[in-house]
Amino acid sequence: MTDGSVSLGGTQQLGVQQLKSTKSRNQILDAAIDVLVSKGYAQASTLAIQEAAGVSRGRLLHHFPSRDDLLMAAVHHLARVRIEELPQRVEWPDDPIERISVGIDTGWSTFHQPYFVASIELWTAARTNERLRSALLPAERELGPTVRTAVDSFLGPVLTAAPRTDELYPILLSSMRGAAMTYLLDRRDPRDDPHLPLWKALTAEYLLED
């Protein structure tokens, strides 16, 4: 017969181990983003990430056997977490024109976060790295619904019920991504970008046709 206190102790110990494992995994993911953004893909070695995370080589390899798996996991984990939590951090106005303005500003802000810069590093590397490209493409497609859900939440259910929402979405996404690329070279204040009023007017035209 098993002593109940021993069983409980074993469960508690397992819980502590899981917490430690989750903490070390998150340390590694955060470090991977920092290294990828600061050093670029070519210099984002597992050694550099290990040192930045402050974990052992064995611990890093336990969680992520390959460098590319780690880098992709880091980018997509951070993007998903930040994008999913962003709508709860914003006070959304009821007026549709104001909602469009705040929604566009919020969406634009996501293209100036570390995970965007890190994702561009991976995209650029994947152009000539077939193995990375083959792994990255399905991961990006998996992230796609999270991004679309976030954009819908930025604009709200009334506006996204408009019949031309599906037409508008890829236009905004590709336009913002392209404009954000210029900030990798010309580091200025994105809040003053001249595209912002254009995106807001376009969104109003598509979603407030009446």
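Biologist: Which helix gives the most to the lining of the largest pocket?

Modeller: That's H7, with 10 residues. Bear in mind that this is a predicted model, where local features need pLDDT of at least 70 and side-chain atom pairs count only at pLDDT 80 or more, while totals for chains, interfaces and linings use all residues. Residues are numbered from 1 along each chain as its sequence is written, and side-chain values use heavy atoms, with hydrogens and water left out.

Biologist: How do I read a pocket, and what is the volume of the largest pocket?

Modeller: On a 1 Å grid over the protein atoms alone, a pocket is an open set of points with protein on both sides within 12 Å along at least five of seven lines; a cavity is a set where a 1.4 Å probe fits but cannot get out, and lining residues have an atom within 4 Å of a point. Volume is the space filled by probe spheres set on the points, which are joined across faces, edges and corners. Here the largest pocket comes to about 590 Å³. Its lining has 28 residues, with Phe111, Val147, Tyr169, Leu173 and Arg177 nearest the centre. H4 (67-85), H5, H6 (114-126), H7 and H8 each supply at least two of the lining residues; helices are DSSP runs (H or I, at least four residues), numbered from the N terminus.

Biologist: And which residues lie nearest the centre of the second largest pocket?

Modeller: Val117, Ala180, Tyr183, Leu184 and Arg187, out of 13 lining residues. The second largest pocket holds about 280 Å³, and H6 gives the largest share of its lining, 5 residues.

Biologist: What about closed space: how many cavities of 30 Å³ or more are there?

Modeller: Just 1, with about 40 Å³ of space. Arg148, Val151, Asp152, Leu155, Thr165, Leu168, Tyr169 and Leu172 line this cavity, and H7 (130-160) and H8 (165-181) each supply at least two of them.

Biologist: Now the packing: at what angle do H5 and H8 pack?

Modeller: Two packed helices are described by the angle between their axes and the distance between the axes. Axes are lines fitted to C-alpha atoms over the stretch in contact, and angles run from 0 to 180 degrees between N-to-C directions. H5 (residues 96-109) and H8 pack at about 50°, with axes 10 Å apart. That makes H5 oblique to H8 (not under 35 degrees, over 145 or 65 to 115, which count as roughly parallel, antiparallel and perpendicular).

Biologist: Which residues meet there?

Modeller: Ile104, Gly107 and Trp108 in H5 meet Leu172, Met176, Ala179 and Ala180 in H8, where contact means heavy atoms within 4.5 Å.
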